[in-house]
Amino acid sequence: MAVSLASLAATLAESQLNYEAIRPDTKDAVAEAVLGFKPSPAQLALRVRELVAADQLAPAENLLVRWGQDEMTACWAVLSRDETSLGGQSSLDLSVKACNYPLTLVLLKYVPTDLSNEMIALLNEPNPFTGHSLLYAAVLYSNRHTATVVNELLRRKADLNSQRQGETMLVNCVRRADLSLLRRVVEHRADVNVKTANGTTLLQVAVERGNPEILSFLLSCCDVNAVDRNGSTALVSALRQGKPPYELAHMLLDAGCDPSVPDVDGIQCLPYAMATRDVAIYQAILEHRGDPDALAEPRRDRSAPSRMLHAAAQAHNEDLVRCLLEAAATVSHTDARGRTILHMALGLSFAEKTVEMILELQGDPNARQGDFQGETPLRLAVLKNSPAVSLLLRMRADPNGANLGGYSALFGACVSGNLDTARTLLAFRADVDNLDRKWAQLLDPPREVSFDAVAPKHRATLWAQARYRPRRKAPRVEVSEEPVDLDALPFALPPIERLKRVGRTR
């Protein structure tokens with residue numbers, strides 16, 4: 001009878017059933033049981049958790065008011081966890097996860113601000129069901145009451161820097177793009193140099209969010225040159241994800257982000273800026289100590305690495321080539337084919353102004369390509385009918401320079417029928433003897449060669465200097481006449497009789 005009376009008393013106490021509806025012969029016993037009933041802290045915590053899970057605000061608050069007179073008992077009922085029920089979650093865990101912030105604020109009234117160390121540790125323990133701390137979950141499951149709940153948790157010394165799979169709640173504040181909440185959290189000395197679970201920095205998260213106000217605030221307190229696990233800064237993220245006019249990239253550069261920081265492959269931000277086709281970005285990066293001689297791609301072998309000048313020329317990005325030349329990029333570097341930027345500019349028919357800028361930076365007008373052809377800049381200009389022929393000759397390009405096949409620039413002009421260029425070469429004392437007789441007769445006036453010349457490719461002295469690609473020979477298959485020992489095979493061959501085709505019988 002005592003157990004049933006206690007159960008009935010608990011039900012009456014928390015649900016306030018009609019006392020008059022009870023049988024008259026049991027009223028005195030029930031009243032005595034109700035007046036004397038007091039649940040244990042574990043019973044109170046379990047019942048409060050059940051009511052919170054059922055989203056019953058009034059009964060839960062009624063229980064805490066009636067039996068939570070002791071401050072520590074009510075606090076324990078709100079914060080304690082029981083692994084045998086509801087996934088081991090506390091009442092506060094359940095209300096925060098359900099985004100029931102009116103109920104959360106009611107529960108927080110029974111958690112004092114001057115908690116003991118034991119209660120602070122209990123408050124900061126992660127939810128065993130989700131792994132989130134209360135602060136992390138309050139920002140993750142956010143609504144218009146989030147700032148109020150976060151303030152109340154901070155007053156109770158909730159840990160700002162507790163991590164969930166390597167992430168703190170500050171990361172969610174940046175993703176939520178709530179500037180006032182972010183300021184509040186940083187004021188409580190949150191670690192602003194934390195990273196996400198995949199190694200992304202806070203600045204990169206702000207760039208992905210695309211909010212200039214959030215990025216501006218973080219730039220005032222974060223390390224602007226922080227890198228992720230790939231060694232990339234937030235500037236690289238802004239260049240890869242941004243759109244013109246690349247406001248976030250300019251903000252990072254003005255805040256002191258170093259554009260020459262290489263990633264794990266040795267690549268700086270200029271290769272990513274090349275895809276933007278934005279001259280203002282090129283100039284801003286180079287003005288902020290960007291390296292004009294930066295690598296354009298990872299070095300995979302021992303060959304000459306591809307520089308930004310070569311990559312920009314290969315992409316036909318003449319604007320970037322000019323910006324790099326204005327930043328005094330080294331024009332003597334060669335690519336994997338042995339070409340300097342002068343060879344590439346002439347071969348791709350860049351403007352004469354670009355060629356002039358290369359020559360002003362001490363570009364060699366007589367350098368040969370390092371490939372099997374060995375073309376000179378003057379021959380390339382002649383073959384492309386470029387107006388830079390006169391410029392090269394004025395910059396002391398050799399008018400008699402020939403490729404490894406022995407063909408001079410004058411020979412190329414005659415073969416292509418460009419007699420005006422041929423006359424220009426003759427004016428700079430190009431040697432007519434390097435021409436065949438039939439080509440010399442085309443000049444105006446016709447020229448006589450000093451000997452009956454043959455095609456220069458047949459000259460033994462020049463042929464010995466040429467480095468043509470060797471022919472690929474088919475691999476030679478050697479047929480062995482020795483008998484093969486079949487007994488040495490690792491399997492047994494079937495008898496010869498079984499290999500004969502047997503006719504179908506009926």
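How many nonpolar, polar and charged residues are in the lining of the largest cavity? The points below take up this question first and then turn to helix packing and backbone geometry in this predicted model.

1. Largest cavity. By class, two nonpolar, three polar and two charged residues make up the lining of the largest cavity. The residues concerned are Asp 93, Lys 97, Asn 127, Thr 130, His 132, Ala 137 and Tyr 141. The space in this largest cavity comes to about 40 Å³. Searching the whole structure yields three cavities of 30 Å³ or more.

2. Basis for the packing points. Two packed helices are described by the angle between their axes and the distance between the axes. The next points treat three helix pairs in these terms, beginning with the two that involve α14.

3. Helices α12 and α14. Helix α12 spans residues 179-187 and helix α14 spans residues 212-219; their axes come within 10 Å and cross at roughly 15°. Since angles under 35 degrees count as roughly parallel, α12 and α14 are therefore roughly parallel to each other. Their crossing is right-handed. On the α12 side the contact involves Leu 179, Leu 182, Arg 183 and Val 186, and on the α14 side Glu 213, Ile 214, Phe 217 and Leu 218. By class, the residues of this contact between α12 and α14 comprise six nonpolar, no polar and two charged.

4. Helices α13 and α14. Helix α13, residues 202-209, packs with α14 at an angle of about 165°, and the two axes are 8 Å apart. Angles over 145 degrees count as roughly antiparallel, and α13 and α14 are therefore roughly antiparallel to each other. The crossing of α13 with α14 is left-handed. From α13, the residues Leu 202, Leu 203, Ala 206 and Val 207 meet Ile 214, Leu 215, Leu 218 and Leu 219 of α14. This contact of α13 with α14 has eight nonpolar residues, with no polar and no charged ones. Ile 214 and Leu 218 of α14 take part in the contact with α13 and also in the contact with α12.

5. Helices α20 and α22. The axes of α20 and helix α22, residues 352-360, come within 10 Å and cross at roughly 25°. That angle makes α20 roughly parallel to α22. The crossing of α20 past α22 is left-handed. The contact draws on Glu 318, Val 321, Arg 322, Leu 325 and Glu 326 from α20, together with Lys 353, Thr 354, Met 357 and Ile 358 from α22. Its residues divide by class into four nonpolar, one polar and four charged.

6. Backbone at Lys 157. Although Lys 157 is not a glycine, its phi is positive, at about 65°. Lys 157 lies in the loop between α10 (146-155) and α11 (169-176).

7. Backbone at His 316. His 316 likewise is not a glycine and has a positive phi, of about 60°. The position of His 316 is in the loop between α19 (308-314) and α20 (318-326). Helix α20, which follows this loop, is the helix whose contact with α22 was described in point 5.

Methods. Residues numbered from 1 in each chain as written. Predicted model: local features only at pLDDT ≥ 70, side-chain atom pairs only at ≥ 80, totals over all residues. Heavy atoms only, no water. Axes fitted to C-alpha atoms, helices over the stretch in contact; angles between N-to-C directions. Helix = DSSP H or I, 4+ residues; strand = E, 2+ residues; numbered from the N terminus. Parallel < 35°, antiparallel > 145°, perpendicular 65-115°, else oblique. Left-handed = near helix turned anticlockwise from the far one by under 90°. Contact = heavy atoms within 4.5 Å. Nonpolar A, V, L, I, M, F, W, Y, C, P; charged D, E, K, R; others polar. 1 Å grid on protein atoms, 1.4 Å probe; cavity = no way out; pocket = protein on both sides within 12 Å on 5 of 7 lines; lining within 4 Å. Points joined across faces, edges and corners; volume = space filled by probe spheres on them.
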